[in-house]
Amino acid sequence: MKFRKNILCIGAGYVGGPTMAMIAYKCPQYRVTVVDINPIRIAEWNSDDLPIYEPGLGEIVKAARGKNLFFSTDIEGGIRDNDIIFVSVNTPTKTFGAGAGMAADLQYWEKTARQILQYSESTKIVIEKSTLPVKTALAMEKILNYTKNSVSFDVLSNPEFLAEGSAIKDLENPDRILIGCQDTKSGLAARETLVEIYANWVPREKIITSNIWSSELSKIVSNAFLAQRISSINAISALCEKTDADITEVSKAVGMDSRIGSKFLSASVGFGGSCFKKDILNLVYLCQHYGLHEVADYWESVVRINQYQQERFILNMLTTMFNTLAGKRICLFGFAFKANTGDTRESPAIYITKRLLEEKAEIVITDPKALKNAKADLTGMEGQVSFVEDPYKAAEGCHAIAILTEWDVYRNLDFQKIFNTMTKPASIFDGRNIIDHKRCFDIGFNVYPTGKPALTHS
Ligand code: NAD
Ligand code: UGA
């Protein structure tokens with residue numbers, strides 16, 4: 001069959017896989033290929049056991065795979081045979097050299113740009129899907145257009161705004177699609193080609209265009225604003241605990257102001273995920289680079305409050321459990337950074353486990369989807385950690401439960417049954433405010449919500 005467009009995505013991760021699956025699913029007239037350097041990941045994409053858990057993903061992959069959606073390790077062939085290339089490789093925080101701990105590590109991204117140059121035999125549109133520091137497209141263009149031959153490249157910025165756990169919904173019905181391009185004849189034509197792809201299922205008025213630098217920056221700023229809301233509400237949760245105010249009531253009252261809005265105002269044990277912290281630190285680094293130190297400090301405080309919230313959670317456990325956790329069994333309900341994903345990158349659970357182990361507690365971890373990743377995250381950490389899938393069994397004999405992920409399954413557990421098997425006094429620290437605190441208190445637990453008065457028996 002002859003396809004109308006041949007699309008390649010380099011990077012088969014949390015973004016590349018679902019995004020391309022959605023394009024293939026919505027556009028049977030296009031052939032979509034996803035390549036990756038990791039052969040295990042590609043083999044998993046080609047199996048029934050996909051490398052990531054995302055509600056609804058399995059169905060759309062199954063519907064398109066083998067028809068117009070292909071996963072492969074042939075990067076060279078992929079670049080040669082496709083004219084539209086999305087780049088969705090990882091851009092983690094740099095861990096070495098100048099900017100370590102702050103700047104984006106662009107080595108994977110630059111390697112990809114060089115591969116595209118090396119294997120291209122015809123004109124290409126190259127689309128930045130990865131989140132990148134502003135002005136990265138300039139570097140990409142410089143690399144791609146270094147050798148003057150007949151092959152030319154147009155670079156577009158098309159950041160991804162999906163959230164894990166709701167990726168399929170977000171991709172199917174996005175708030176907006178943002179496309180940035182250079183203001184040149186070929187840049188504008190390339191932009192139109194990409195608009196056409198999305199217009200297969202996204203209403204035109206939701207497809208917005210901008211200059212390329214605004215597009216790159218808007219992505220990082222969106223994440224910074226979202227994270228800032230969480231740090232704002234978490235900061236106020238600390239004040240609520242001192243004043244007997246209730247954070248749920250405060251966030252409801254504040255969020256009903258239509259200028260503020262109610263989303264992203266749930267107090268928590270802190271935000272996690274692979275992007276918020278890295279993107280804010282990247283923003284901070286950029287501001288420092290341009291000498292905007294006050295702006296950098298402002299945004300850095302969002303990350304500081306997030307760290308503070310996690311440390312506060314630990315210290316609350318320590319002080320309320322008689323200032324020692326040594327030898328006490330603590331059960332972590334949830335290890336994923338949020339519900340409906342198996343992803344544990346930058347999950348608060350990692351830091352909390354590390355700190356609890358420093359206090360010489362014994363940790364039992366339960367999670368419906370993230371135990372495999374949790375085991376990998378904790379390799380090499382010294383101390384006693386076990387992994388138990390069933391939350392009832394996991395809590396047996398424990399002194400405390402810490403709810404770290406807002407999985408629905410934890411909302412409606414039989415807490416009486418759980419209480420009966422635990423060591424007394426038994427405590428629950430609800431880092432997500434998802435359970436019925438009064439009911440658990442009535443059962444006999446000491447209950448420590450986030451940003452609300454504690455309910456204790458002594
Ligand atoms: P990921 O680590 O899950 O996937 C990246 C993939 O790229 C990996 O499988 C890796 O093997 C592959 N890769 C790296 N170098 C390669 C190369 N030279 N050739 C081929 N493959 C290569 O990362 P992710 O979560 O999908 O994030 C990708 C980008 O998208 C990041 O910039 C991130 O900030 C951004 N983003 C992520 C999310 C999210 O929810 N995870 C949402 C929006 C944007
Ligand atoms: C986030 C953004 O929401 C996406 O738009 C963006 O594309 C993505 O980052 C990215 O660039 O990677 P994600 O990290 O997958 O998506 O998930 P979120 O729903 O944003 O949650 C992030 C963290 O904040 C989670 O740990 C979550 O539990 C926490 N959170 C969220 C709160 O603590 N309180 C809230 O009210 C909302």
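**Exercise 1. Determine whether threonine 19 is buried or exposed, and locate its side-chain contact.**

Step 1. Threonine 19 has a relative accessible area of 3% and is therefore buried; buried means under 20% relative accessible area, exposed over 50%, and partly exposed in between, with a 1.4 Å probe and protein chains only.

Step 2. Threonine 19 belongs to helix 1 (residues 16–26). Helices (H or I, at least four residues) and strands (E, at least two) are DSSP runs numbered from the N terminus.

Step 3. The backbone oxygen of valine 15 lies 2.5 Å from the side chain of threonine 19. This is a polar contact, a pair of N or O atoms within 3.5 Å; within protein, one must be able to donate a hydrogen and the other to accept it, and residues adjacent in sequence count only if both atoms are side-chain atoms.

The model is predicted: local features need pLDDT of at least 70, side-chain atom pairs count only at pLDDT 80 or more, and totals for chains, interfaces and linings use all residues. Residues are numbered from 1 along each chain as its sequence is written, chains are lettered from A and ligands numbered from 1 in the order in which they are written, and side-chain values use heavy atoms, with hydrogens and water left out.

**Exercise 2. Place serine 88 and valine 284 in the fold and state their accessibility.**

Step 1. Serine 88 occupies the loop between strand 4 (84–87) and helix 5. Its relative accessibility is 10%, so serine 88 counts as buried.

Step 2. The side chain of serine 88 comes to 3.4 Å from the backbone nitrogen of glycine 16.

Step 3. Valine 284 is part of helix 11 (residues 276–289). With 0% relative accessibility, valine 284 is also counted as buried.

Step 4. Valine 284 and valine 155 are 129 residues apart along the chain, and their C-alpha atoms are separated by 25 Å.

**Exercise 3. Describe the surroundings of ligand 1.**

Step 1. There are 27 residues around ligand 1, of which Asp36, Arg41, Thr91, Glu164 and Lys278 come nearest. A residue is near a molecule or strand if one of its heavy atoms lies within 4 Å of it.

Step 2. Oxygen atoms of ligand 1 take part in several contacts. A side-chain N or O atom of arginine 41 is 2.7 Å from one such oxygen atom. A backbone N or O atom of valine 15 lies 2.9 Å from an oxygen atom of ligand 1, and a polar backbone atom of threonine 131 is 2.9 Å from an oxygen atom of ligand 1.

Step 3. Ligand 1 alone exposes 830 Å², and the protein buries 93% of that. Accessible areas come from the Shrake-Rupley method with a 1.4 Å probe; for residues, only the protein chains shown count as cover.

Step 4. The shell around ligand 1 comprises nine nonpolar, eleven polar and seven charged residues. Ala, Val, Leu, Ile, Met, Phe, Trp, Tyr, Cys and Pro count as nonpolar, Asp, Glu, Lys and Arg as charged, and the others, Gly among them, as polar.

Step 5. Helix 5 (residues 107–119) gives the most to this shell, with three residues.

**Exercise 4. Carry out the corresponding analysis for ligand 2.**

Step 1. Ligand 2 has 20 residues around it, and Phe161, Leu162, Ser268, Phe337 and Arg432 come nearest.

Step 2. Backbone N or O atoms lie 2.7 Å from an oxygen atom of ligand 2 at phenylalanine 161, 2.8 Å at glutamate 164 and 2.9 Å at glycine 272.

Step 3. On its own, ligand 2 has 700 Å² of accessible area, of which the protein covers 89%.

Step 4. The shell around ligand 2 contains eleven nonpolar, four polar and five charged residues. Helix 9 (residues 212–243) gives the most to it, with four residues.

**Exercise 5. Classify the ring pairs that involve phenylalanine 429.**

Step 1. The whole structure contains ten aromatic pairs. Rings of Phe, Tyr and Trp (its six-membered ring) pair if their centres lie within 6.5 Å; planes under 30 degrees apart count as stacked, over 60 as edge-to-face and the rest as tilted.

Step 2. Phenylalanine 313 and phenylalanine 429 are edge-to-face, at 6.4 Å centre to centre and 70 degrees between the planes. Phenylalanine 313 lies in helix 12 (residues 293–320) and phenylalanine 429 in strand 13 (residues 427–430), so this pair ties together parts 116 residues apart in sequence.

Step 3. The rings of phenylalanine 429 and tyrosine 448 are stacked, because their centres are 4.7 Å apart and their planes at 10 degrees. Tyrosine 448 lies in strand 14 (residues 446–448), 19 residues from phenylalanine 429.

Step 4. Phenylalanine 313 and phenylalanine 429 are both buried, and tyrosine 448 is buried too.
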